[in-house]
There are 4 protein chains.
Amino acid sequence: MNGFGRLFRLTIFGESHGASVGINIDGVPAGLPLTVEDFIADMERRKGGKQKGATPRQEADLPIFKSGIFNDFATGAPITILFENNNTRSEDYQKHRSHPRPGHADFVAHEKFGGFEDFRGGGSFSARLTAGIVAAGVIAKKIMAPKDIRIEARVTEIGGNKDIEAGLQQAIEKKDSVGAIIECRVSGLPIGLGEPFFDSMESALAHAAMAIPAVRGVEFGTGFAAAAMYGLEHNDAIVDTKGTTSTNHAGGVVGGISNGNELVYRIAVKPTSSTPQTQNTLNWDTGEISEFSVKGRHDLCVGLRAPVILEAMTAIVLVDFLMLAGKVDRIWNA
Amino acid sequence: MNGFGRLFRLTIFGESHGASVGINIDGVPAGLPLTVEDFIADMERRKGGKQKGATPRQEADLPIFKSGIFNDFATGAPITILFENNNTRSEDYQKHRSHPRPGHADFVAHEKFGGFEDFRGGGSFSARLTAGIVAAGVIAKKIMAPKDIRIEARVTEIGGNKDIEAGLQQAIEKKDSVGAIIECRVSGLPIGLGEPFFDSMESALAHAAMAIPAVRGVEFGTGFAAAAMYGLEHNDAIVDTKGTTSTNHAGGVVGGISNGNELVYRIAVKPTSSTPQTQNTLNWDTGEISEFSVKGRHDLCVGLRAPVILEAMTAIVLVDFLMLAGKVDRIWNA
Amino acid sequence: MNGFGRLFRLTIFGESHGASVGINIDGVPAGLPLTVEDFIADMERRKGGKQKGATPRQEADLPIFKSGIFNDFATGAPITILFENNNTRSEDYQKHRSHPRPGHADFVAHEKFGGFEDFRGGGSFSARLTAGIVAAGVIAKKIMAPKDIRIEARVTEIGGNKDIEAGLQQAIEKKDSVGAIIECRVSGLPIGLGEPFFDSMESALAHAAMAIPAVRGVEFGTGFAAAAMYGLEHNDAIVDTKGTTSTNHAGGVVGGISNGNELVYRIAVKPTSSTPQTQNTLNWDTGEISEFSVKGRHDLCVGLRAPVILEAMTAIVLVDFLMLAGKVDRIWNA
Amino acid sequence: MNGFGRLFRLTIFGESHGASVGINIDGVPAGLPLTVEDFIADMERRKGGKQKGATPRQEADLPIFKSGIFNDFATGAPITILFENNNTRSEDYQKHRSHPRPGHADFVAHEKFGGFEDFRGGGSFSARLTAGIVAAGVIAKKIMAPKDIRIEARVTEIGGNKDIEAGLQQAIEKKDSVGAIIECRVSGLPIGLGEPFFDSMESALAHAAMAIPAVRGVEFGTGFAAAAMYGLEHNDAIVDTKGTTSTNHAGGVVGGISNGNELVYRIAVKPTSSTPQTQNTLNWDTGEISEFSVKGRHDLCVGLRAPVILEAMTAIVLVDFLMLAGKVDRIWNA
């Protein structure tokens with residue numbers, strides 16, 4: 001089941017080397033101005049090939065609107081956006097079909113879908129599907145624009161190194177993929193978004209963030225460090241009647257609900273499974289372990305592409321909570 | 001919205017100092033044997049008052065069945081379970097209504113619900129609502145019993161100390177609450193549970209885990225450590241046709257789907273907000289900051305109660321995935 | 001799965017002769033005043049025993065609030081309401097366990113739930129569960145009260161007779177149960193509730209109405225008569241810029257969306273399966289057909305109790321649509 | 001919100017005169033063989049232009065697969081199908097934009113979507129969106145094929161006339177659109193599909209059927225006639241241990257659950273709003289009532305196209321119930 005959201009509802013689809021990837025977005029308010037130009041900046045941020053350590057595969061990644069947009073405005077009906085797959089080199093993948101790639105979904109997909117899965121590239125598991133996520137994020141951000149909510153994610157560590165350039169350079173020298181930490185901060189959120197328990201802000205954001213391929217952890221505010229802290233040290237004193245706190249260990253969420261302070265959370269991204277290094281793994285044809293190396297075109301650090309995806313996921317979750325709270329202002333600029 | 005799950009569907013309700021807390025569970029298969037005795041062991045593990053550092057508040061916490069069970073078997077209709085609140089001392093809370101407690105939901109609840117929230121204890125935000133979660137977990141575990149899936153969570157760190165006794169003792173000496181790390185391991189899972197993207201195993205487990213009060217982070221396998229690793233080091237080589245891997249950095253989930261190896265994940269629990277220490281925080285009556293100390297009866301380390309709750313959440317998520325995959329064997333022993 | 005609604009979300013539970021029937025209602029806005037007295041009028045309308053042709057079984061049917069209400073106001077947390085079953089005579093049902101009653105769910109329940117179903121009375125299929133529906137309807141009506149939306153349902157035919165007294169008298173004389181038609185009218189609805197296709201106003205109302213036990217059909221406006229009409233005759237001319245139509249064949253819904261004219265729809269209720277007459281049906285013990293007569297205490301015309309239930313279902317659906325449209329005014333009188 | 005279904009889940013999208021109409025279908029089991037040829041027969045049944053009284057608008061209506069199908073088999077990932085809109089004559093619609101057409105959604109769409117709706121043809125309200133429904137129905141039927149469940153819908157009345165040819169001829173002579181009744185019968189259903197109350201078989205089928213444009217009523221078994229019957233007459237005696245009943249007044253559903261007898265239900269379709277006759281209605285430009293006649297290309301009797309759509313809706317609902325019951329056999333022929 002590939003849907004997400006209550007009032008701002010996504011259905012994601014497509015395959016890395018199939019006809020297209022895309023997304024259907026239900027719940028976009030009528031009257032939101034939307035053109036292809038709105039998508040370019042974030043789609044560029046998501047694309048590989050421009051940064052050191054990013055995949056040389058190039059797709060134009062211009063959104064193709066198939067429904068829900070008329071005369072450059074959202075109609076209120078569901079919006080369908082496609083991204084065509086033109087620049088595929090599926091033969092790269094056919095070749096190593098005999099090896100379920102370590103760290104990839106090849107093995108579990110084969111078990112789950114009985115061999116009918118589209119095994120080319122990552123198939124329906126591919127990070128290429130995040131194109132649709134980023135597109136939905138563009139729309140979510142635009143819906144929220146009148147609220148002056150600012151969402152910004154950035155890489156804070158690569159390979160354990162807080163100097164990002166240096167961390168990346170080390171991976172390039174090692175000719176190996178590498179992990180990263182991404183932090184997302186949101187200012188301007190109203191107090192009161194989220195619910196106790198199952199629809200807590202943290203539950204929704206963690207759900208969305210863990211859906212991003214290669215994410216292995218998520219933490220809010222002090223996060224894992226909180227496990228080593230004491231109460232007096234961790235509690236954020238409330239210092240005024242607006243709820244401002246002297247510290248922000250909570251990362252802007254208390255009891256599952258936004259408290260009006262900055263939302264701060266982080267994700268851990270593992271090193272790309274597609275390392276250029278030679279690996280030993282099962283050969284399906286022989287049933288034995290043999291040497292194997294990934295060809296294809298891949299990122300050394302998928303973390304570099306992750307900030308815009310994490311921003312998109314954050315915007316998707318937040319716009320849904322804003323809609324649930326009846327807090328979307330419907331006055332947009334084109 | 002307080003529901004969770006698709007085929008094994010929970011609705012949680014109640015307040016810490018109201019008439020009761022409880023849970024409604026839809027999707028329990030007809031014929032599952034269920035008696036009060038089935039719940040006692042896990043309800044005891046969840047209760048405070050038996051361990052050093054746990055709250056002296058005592059509730060019998062025997063489940064009261066209001067629907068869906070007949071002659072000691074599930075009927076197939078929704079099961080409603082209540083836990084009565086007998087041992088409440090609401091006057092403790094009435095007193096400090098003038099202070100929104102730091103780290104608690106008092107302030108956000110007041111903003112969100114306009115003062116109509118049940119402010120006694122944690123109200124609907126209280127960890128007391130996890131009684132219903134543990135009860136649902138008992139049922140989920142029992143449904144899965146014939147599959148020989150073993151779920152076990154335990155405290156691995158208190159206050160940054162891997163010697164748990166010592167970590168707790170330090171908090172007692174400091175007269176302060178303290179954080180903890182809980183690890184959950186599941187063996188015996190079939191390959192193929194979960195979906196790519198929004199219904200990934202990690203998304204569902206993180207969603208559920210982050211719904212537990214005081215949880216600030218969740219990580220799978222190597223988790224945040226993966227952010228500092230390289231691909232060759234992180235990839236788990238597949239060593240046989242059953243999908244066994246030589247290492248288990250993935251923590252048993254690849255591409256959002258269980259891979260048949262042990263599921264391993266951890267949560268970070270912050271120190272209880274209700275520290276016995278004196279704090280400075282806003283006084284709603286005066287609009288100024290003043291000294292304040294929590295009376296009530298509280299845990300120094302809620303982490304001590306968390307393992308059985310995390311097991312319950314895990315069981316709830318897994319039984320739903322098993323049902324979605326059509327993999328529940330309906331042969332139970334009473 | 002026993003849930004319904006998006007933002008005003010119900011979970012229904014209980015059995016006719018179990019501990020209780022009840023309902024959980026998520027999404028009730030904080031600040032709605034609610035006391036037991038609010039429920040009495042509609043609960044009385046639903047009860048048997050006061051009218052000719054209604055069951056002599058008497059239950060007090062006072063709602064017991066288990067969560068979500070504090071100091072006579074909704075807190076914003078889920079509301080759980082129980083109705084206790086005190087006046088049960090289960091021995092009536094034990095006796096004819098050997099016969100799956102014609103027109104009842106006995107046979108299908110046994111097949112579906114493998115004999116574990118609560119077979120006493122209607123078990124979880126009982127019309128007694130509509131007590132929870134009526135209670136939810138009371139809350140839904142009260143939420144809508146500031147909008148001046150009036151919902152009124154009434155019996156328009158009994159046994160094919162538009163003279164209701166006469167139709168009922170005929171059934172009493174025949175000592176047999178009898179069917180009825182109920183019409184529901186709603187004035188004061190804003191234009192624009194509902195969506196094209198799957199969330200059309202008609203789809204939602206039909207879904208809810210067909211969930212009422214014994215309902216066999218639902219029609220909007222001209223309904224089945226429309227099938228024999230021509231376009232020029234059926235089309236409602238729009239006569240002003242508010243959308244008023246000269247006729248109301250559409251029954252207030254066009255394209256799945258309320259058009260501001262009166263909403264008009266009808267349901268057909270079959271005769272109660274529990275006729276006092278002797279019937280021939282399968283005897284499970286012998287595998288042969290034998291004579292059988294229902295004891296228990298039953299209505300001759302369940303249709304008499306249906307108007308308040310249909311009003312409740314209508315209110316439940318409409319309040320959800322109003323919430324989705326952000327059109328709930330939160331200013332209530334106690 | 002334009003989604004439907006639990007395990008077989010549809011998202012419908014598109015506009016009559018936009019780029020395309022289409023559907024996303026989540027939950028199609030991996031390994032189902034699917035080619036364009038599978039869709040041709042039902043798509044032809046849905047198309048206008050072949051029958052007397054059907055619209056002369058012609059679209060090829062060949063499904064374009066955008067995701068979820070690989071090498072002629074479903075992969076298990078969501079399937080996206082588009083139908084291109086080539087044969088549009090939007091200028092027909094631009095002209096009468098000044099009149100909200102009687103019986104159409106023009107007026108309510110304008111109020112609901114603030115003028116941003118795609119007003120060309122029926123926009124997102126168009127019956128053209130049923131192309132996606134029929135495509136989903138083809139897939140649902142194919143999934144069920146190994147169960148030997150037969151779904152068949154047919155027109156039983158046109159304009160009140162059971163001689164269908166004569167009823168249609170009368171409309172042609174009157175140069176007016178006309179209503180119809182469609183009956184759907186399903187044999188081979190297992191006992192036990194559906195749930196009491198909100199997920200009753202009747203609720204789900206009525207929900208889906210009322211989502212078809214122009215449907216004004218739905219009834220099961222004896223339907224509205226049941227309102228004029230007595231219990232002894234209406235009850236279906238069970239005559240064997242398989243649950244066979246001597247009569248089938250229930251139409252195959254008791255207590256919301258299939259009873260193994262033939263499922264029988266009917267819908268009432270109103271006359272097409274787009275009658276060729278001249279009508280009086282509001283002119284938005286002048287605010288006054290004036291004469292108006294629909295140009296465009298339309299059906300005299302949409303009922304003629306409805307059987308395949310009703311079959312599709314029925315198949316969609318039934319395959320979801322079969323999946324919920326774990327009763328889909330995964331052995332298909334190409």
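This text walks through a predicted model, from one sheet in chain A to the way the chains meet.

Start inside chain A. Five strands build an open sheet there, in the order β1-β2-β3-β7-β4. The pairing is antiparallel. Strands of a sheet pair through backbone hydrogen bonds, and the sense can be parallel or antiparallel. The edge positions go to β1 (3-4) and β4 (64-67) of chain A. Each has a single partner strand, so one side of each is left without a neighbour in the sheet.

Now look at one pairing in that sheet. Strand β3 of chain A covers residues 20-26, and strand β7 of chain A covers residues 79-84. The two run antiparallel and are joined over six bridges. One residue pair helps to fix the register: A:Asn24 has A:Thr80 in β7(A) as its bridge partner.

Next, the relation between copies. A turn of 180 degrees, with a shift of 0.0 Å along the axis, lays chain A on chain B with an RMSD of 0.0 Å. That is the relation of a two-fold axis. To locate the axis, go to A:His207: of the residues of chain A, its C-alpha comes closest, at 2.5 Å. The copies meet through the same surface, because 100% of the interface residues of chain A are also interface residues in chain B.

Chains B and C can be superposed as well. Chain B is laid on chain C by a turn of 180 degrees and a shift of 0.0 Å along the axis, with an RMSD of 0.0 Å. Here too the same surface serves both copies, with 100% of the contact residues of chain B recurring in chain C.

Turn to the interface of chain B and chain C. In it, 37 residues of chain B are in contact with 37 residues of chain C. The size of an interface is often given as the accessible area lost when the parts come together. For chain B and chain C, the buried area is about 2,900 Å², and 65% of it lies on carbon and sulfur atoms. The count of salt bridges between these two chains is zero. Five residue pairs are in polar contact across the interface, both residues at pLDDT 80 or more.

Which strands of chain B supply at least two residues each to the side that touches chain C? They are β2 (9-14), β3 (20-26), β4 (64-67), β6 (73-74) and β7 (79-84). β2(B) gives the most, with five residues. By type, the residues on this side of chain B divide into 16 nonpolar, 13 polar and eight charged.

Notes:
Residues are numbered from 1 along each chain as its sequence is written. Chains are lettered from A and ligands numbered from 1 in the order in which they are written. This is a predicted model: local features need pLDDT of at least 70, side-chain atom pairs count only at pLDDT 80 or more; totals for chains, interfaces and linings use all residues. Side-chain values use heavy atoms; hydrogens and water are left out. Contact means heavy atoms within 4.5 Å. Buried area is the accessible area (1.4 Å probe) that two parts lose on being put together, summed over both. A salt bridge is a side-chain nitrogen of Lys or Arg within 4 Å of a carboxyl oxygen of Asp or Glu. A polar contact is a pair of N or O atoms within 3.5 Å; within protein, one must be able to donate a hydrogen and the other to accept it, and residues adjacent in sequence count only if both atoms are side-chain atoms. Helices (H or I, at least four residues) and strands (E, at least two) are DSSP runs, numbered from the N terminus. Ala, Val, Leu, Ile, Met, Phe, Trp, Tyr, Cys and Pro count as nonpolar, Asp, Glu, Lys and Arg as charged, and the others, Gly among them, as polar. Copies are superposed by least squares on the C-alpha atoms of residues with pLDDT of at least 70 in both. Two strands pair if DSSP finds at least two bridges between them.
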